[in-house]
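The following exercises concern a single protein chain and are meant for a reader who has not met it before. Each consists of a task and a solution in steps.

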Amino acid sequence: MPAVRLVDPEQAHVLAVKLAAWGMIPRDKSVPDKILESKVFGKVFLNPVGLAAGFDKHGECMDGMFKIGFGFVEIGSITPQPQSGNDKPRVFRLTEDQAIINRYGFNSVGHDEVVKRLTSQSRTPQSSQLGVLGVNLGKNKTSTSAVQDYVEGVEKFATFADYITVNISSPNTPGLRSLQGKNELSALLKEVIKTRDNLPDNKPPILVKIAADLTQEAKEDIAAVITTPPYKVDGLIVCNTTTSRPDSLQSKHKHETGGLSGKPLRELSTRTVQDMYRLTKGELPIIGVGGIASGRDAYDKIRAGASLIQIYSAIAYEGFPIVKKIKRELTELLRKDNLTSVSDAVGLDVDER
């Protein structure tokens, strides 16, 4: 990874995806530890460590990522029509801060191209014994109907996905975050859930991915919507990148426009996980994302209310072996606290208050 960091950040990202697609990355050949196994959304996860959306945007290296030890992989965000995203440069390493700022803007090859790739692999839900596949949906920048964009995504990818994520929290698509408003979210989820329920075959769980930069009122509104039929979803991803800039940032790139991820997001993300767990009364499984680079970071998210966790930015700094490291350290922490499974730890820090 030190050598890769000499390359332009976006080119390094592209190279990492290619290496994973070609199988040129170290495999995790260890026997899965049963303490890390859990059942969430009705799906069996061999371990709770997932790859966050944004790494494999176009469905190019799923199996490669499973083979290095991820329990689940989320591809996307995928938009209905192909779009190039924002102008380059649009990715910046904040090395001193162990962080990244990106403003990709949903660069996507579009629904049809990703469907072709999934079809060519004969992929169906749980068709691969390697892990669980999530599909993250976005809207086109010039779309006249955000609702229709997400509905179309559910129709296109339900055949392949173990779960589908409605991403309404990227800071890099104009107007996207407004979909987190109570009325807008209700209208969107009503149609998305109805579309899913009317599908003839596989009816994948629907998750919503929310922002880190939410007011308390916004969190309460979201919790009220997503736990109430006909808008009730199956889970929540907390959270996307942040537009805030902590005073602690040292890098010369700290003022770049875009979403900040990595270590500076860790505490904000964990607090948001805890808030949403409390507001939803633990009824909805949460995937915790943001600043996870160790087993302790993962454990903190789980104790705050996350049933599963995802990583992305840490790979840029520590490489693919970080997956195995997080699983090993998390296993040690669970056993140290005399817990028998990840599920036993979910929300412990919230419940103890």
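**Exercise 1.** Determine whether tyrosine 312 is buried, partly exposed or exposed in this predicted model.

*Solution.* The relative accessibility of tyrosine 312 is 25%. Buried requires a value under 20% and exposed a value over 50%. Tyrosine 312 therefore counts as partly exposed.

**Exercise 2.** Classify the ring pairs that phenylalanine 55 forms with tyrosine 312 and with phenylalanine 320, and state which parts of the chain they link.

*Solution.* Step one is to choose the quantities. A pair of aromatic rings is described by the distance of the centres and the angle of the planes. The search of the whole structure yields 6 aromatic pairs.

Step two treats tyrosine 312. Its ring centre lies 5.8 Å from that of phenylalanine 55, and the planes stand at 90°, so this pair is edge-to-face. Phenylalanine 55 belongs to the loop between strand S3 (49–51) and helix H2 (62–67), while tyrosine 312 belongs to the loop between strand S13 (308–311) and helix H9 (313–318); the pair therefore ties together parts 257 residues apart in sequence. Phenylalanine 55 has a relative accessibility of 4% and so counts as buried.

Step three treats phenylalanine 320. The centres of the rings of phenylalanine 55 and phenylalanine 320 are 6.2 Å apart with planes at 85°, so this pair is also edge-to-face. Phenylalanine 320 is placed in the loop between H9 and helix H10 (322–336), 265 residues from phenylalanine 55. With a relative accessibility of 9%, phenylalanine 320 counts as buried.

**Exercise 3.** Describe the surroundings of aspartate 149, and state which side chain of opposite charge is nearest.

*Solution.* First, locate the residue: aspartate 149 is part of helix H4 (residues 146–157). Second, examine its charge. The nearest side chain of opposite charge is that of lysine 139, at 5.7 Å. A salt bridge requires a separation within 4 Å. Aspartate 149 is thus buried and without a salt bridge.

Third, list the polar partners. The side chain of aspartate 149 reaches the backbone nitrogen of asparagine 140 at 2.9 Å, and it makes a polar contact of 3.0 Å with the side chain of serine 143. Fourth, add the other neighbours: leaving aside residues up to four places away in sequence, aspartate 149 touches residues including Pro80, His111 and Gly138.

**Exercise 4.** Compare the settings of phenylalanine 41 and serine 122, each of which has a positive phi of about 55° without being a glycine.

*Solution.* Begin with position. Phenylalanine 41 lies in the loop between strand S1 (38–40) and strand S2 (43–45), and serine 122 in the loop between helix H3 (111–120) and S7. Then consider accessibility. Phenylalanine 41 is buried, at a relative accessible area of 15%, whereas serine 122 is exposed, at 58%. Finally, note that phenylalanine 41 takes part in a cluster of ring pairs with Phe45, Phe72 and Tyr163.

**Exercise 5.** Identify where a cis peptide bond joins glycine 76 to its partner, and where one joins proline 229 to its partner.

*Solution.* In the case of glycine 76, the partner is serine 77, and omega is about 10°; serine 77 lies in strand S4 (residues 72–78). In the case of proline 229, the partner is proline 230, with omega near 5°. Proline 230 is found in the loop between helix H6 (216–226) and strand S10 (235–238).

Key. Residues numbered from 1 in each chain as written. Predicted model: local features only at pLDDT ≥ 70, side-chain atom pairs only at ≥ 80, totals over all residues. Heavy atoms only, no water. Phe/Tyr/Trp six-rings, centres within 6.5 Å; stacked < 30°, edge-to-face > 60°. Helix = DSSP H or I, 4+ residues; strand = E, 2+ residues; numbered from the N terminus. Buried < 20%, exposed > 50% of the residue type's maximum accessible area, 1.4 Å probe, protein only. Lys, Arg positive; Asp, Glu negative; His and termini not counted. Polar contact = N/O pair within 3.5 Å; in protein donor to acceptor, adjacent residues only side chain to side chain. Contact = heavy atoms within 4.5 Å.
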